[in-house]
Amino acid sequence: MSDADATALPVALVTGAAAGLGRHIAEELHAAGYRVALSDRDGEAAQRAAAELDPSGATACGLALDVLQRGHFEAALDRLRNAWAVPQVLVNNAALTLTTPVMQITPEEFSQVLDINLRGTFLGCQVLGQAMAEAGFGRIVNLASLAGQNGGTASGAHYASSKAGILTLTKIFARELASRGVTVNAVAPGPLELPSVRAAVPAERLEQLTKQIPVQRLGNPRFIARLVVLLASAEADSATGAAWDVNGGIFMR
Ligand SMILES: NC(=O)c1ccc[n+]([C@@H]2O[C@H](COP(=O)([O-])OP(=O)(O)OC[C@H]3O[C@@H](n4cnc5c(N)ncnc54)[C@H](O)[C@@H]3O)[C@@H](O)[C@H]2O)c1
């Protein structure tokens, strides 16, 4: 696609998009016709992932964005506004997933996980939400987790608490931005078929855990990515402040 053809395409920004679920989400948004900024703390990895989507750079770019830094969100917004357009879609996906047993979590580790997962989502919603509200349209999707609803099984207390906080932040930003054309939703997956899950949980334990899932399988990250694309669509204008559960039947409400 030429640069001129690409200028009509809406822009999406995904955090933590160099690997894992974020990368799947970036790929599905790109396939759905978005110009996608793949951002990550590891900017080089984000650039490599973007180059695989579109080597010309017309419809995919990689950005170094550490969600701990409000200034990084502001810089990404400025850069995208100047080069492409104000993003219509933000996916707050970056996270640090740790499994330390609760009595062994240090105060420093607790704060680190809360800062990346919860405060990072807060900063993304605040900075991009403001720009979207001024533009009169936006879609924010926050990656929460089943762990934030049931306290988690393999994941740590800090991780689960951060994800519970994201569910609440989602409602607050949804209420704040609803009248200005901006929706804010959370997706709450159970364990997914991803390298991060296989790295965090020993194979034998993962097999046991999978047998306890009612559908007896790990979740499909591609489906999560397509759900994000659906929530990002213009038609999703009445879906806001909600948590979209995809957990194989582990938690029903
Ligand atoms: N994997 C699962 O089963 C699962 C289940 C429920 C929810 N989730 C959520 O989905 C999201 C993605 O999970 P994943 O398994 O792909 O994780 P992952 O650890 O594989 O990838 C996370 C990405 O975030 C990036 N990142 C970490 N700290 C960052 C920071 N400070 N700033 C910017 N980027 C940073 C990492 O570099 C990495 O590319 C997370 O929010 C996670 O909580 C995952």
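**Close-up views of a predicted chain**

**View 1. Ala12 stands opposite Val36 in S2.** What you see here comes from a predicted model, so keep that in mind for every view that follows. Ala12 sits in S1, and Val36 belongs to S2. A second pair to look for is Val14 with its bridge partner in S2, Leu38. Strand S1 covers residues 11–14, and S1 and S2 pair in the parallel sense over four bridges.

**View 2. Strand S1 has buried residues pointing both ways.** Follow S1 and watch how the side chains are split: Val11 and Leu13 point one way, while Ala12 and Val14 point the other way. Buried or exposed, which word fits these four? They are all buried.

**View 3. Strand S2 is largely enclosed by the rest of the structure.** Why can we say that S2 is largely enclosed? Strand S2 runs over residues 35–40, and six of its six residues are buried, so the rest of the structure largely encloses it. Arg35, Ala37 and Ser39 point one way from S2. Val36, Leu38 and Asp40 point the other way, and again all are buried. Notice that the buried residues include Arg35 and Asp40, both of which belong to residue types counted as charged.

**View 4. Strand S4 pairs with S1 and with S5.** Strand S4 takes in residues 89–92. With S1, it pairs in the parallel sense over three bridges. Here Ala12 turns up again: its bridge partner in S4 is Val89. What about S5, residues 138–143? S4 and S5 also pair in the parallel sense, over four bridges. Val89 has a bridge partner there too, and in S5 that partner is Arg139. As for which way the S4 residues face, Val89 and Val91 point one way, Leu90 and Asn92 point the other way, and all are buried.

**View 5. Thr100 lies in the loop between S4 and helix H5.** Helix H5 spans 107–135. Which residues does Thr100 touch, once its neighbours within four places in sequence are left aside? Thr100 is in contact with Ile105, Glu109, Gly156 and His158. Ala164 is another residue to find in this view: it is 64 residues from Thr100 in sequence, and the C-alpha atoms of the two are 18 Å apart in space.

**View 6. Gly71 is found in helix H4.** The helix covers residues 70–83. Gly71 has a relative accessible area of 37%, so it is partly exposed. How far is Gly71 from Leu123 in space? From C-alpha to C-alpha the gap is 9.5 Å, although the two are 52 residues apart in sequence.

**View 7. Helix H7 holds both Gly165 and Thr168.** H7 is made of residues 157–177. Gly165 has 18% relative accessibility, so it counts as buried. Thr168 has 43%, so it counts as partly exposed. Each has a residue to look for elsewhere along the chain. For Gly165, that is Ala186, 21 residues away along the chain, with 11 Å between the C-alpha atoms. For Thr168, it is Ala144, 24 residues away in sequence and 10.0 Å away in space, C-alpha to C-alpha.

**View 8. Gln216 has a positive phi.** The value is near 60°, and Gln216 is a residue other than glycine. This is worth a look because most residues other than glycine have a negative phi. Where does Gln216 sit? Its place is in the loop between helix H9 (203–212) and helix H10 (221–232). Gln216 reaches 53% relative accessibility, so it counts as exposed.

**View 9. Zooming out, the chain has ten helices and seven strands.** The radius of gyration is 17 Å, close to the 18 Å that the globule rule gives for 253 residues, so the chain is as compact as a globular protein of that length. Along the principal axes, the C-alpha atoms fill a box of roughly 50 × 35 × 35 Å. Buried residues make up 50% of the 253. Take the contacts between residues at least 6 apart in sequence: 72% of them join residues at least 24 apart. On the outside, the chain exposes about 11700 Å², with carbon and sulfur atoms supplying 52% of it. The chain also has 20 positive and 23 negative charges, and the mean positions of these two groups are 5 Å apart.

Key:
Residues numbered from 1 in each chain as written. Predicted model: local features only at pLDDT ≥ 70, side-chain atom pairs only at ≥ 80, totals over all residues. Heavy atoms only, no water. Helix = DSSP H or I, 4+ residues; strand = E, 2+ residues; numbered from the N terminus. Rg over C-alpha atoms; globule rule 2.2 N^0.38 Å. Buried < 20%, exposed > 50% of the residue type's maximum accessible area, 1.4 Å probe, protein only. Contact = heavy atoms within 4.5 Å. Areas by Shrake-Rupley, 256 points an atom, 1.4 Å probe, with all protein chains shown as cover. Charge placed at Lys NZ, Arg CZ, Asp CG, Glu CD. Pairing = 2+ DSSP bridges.
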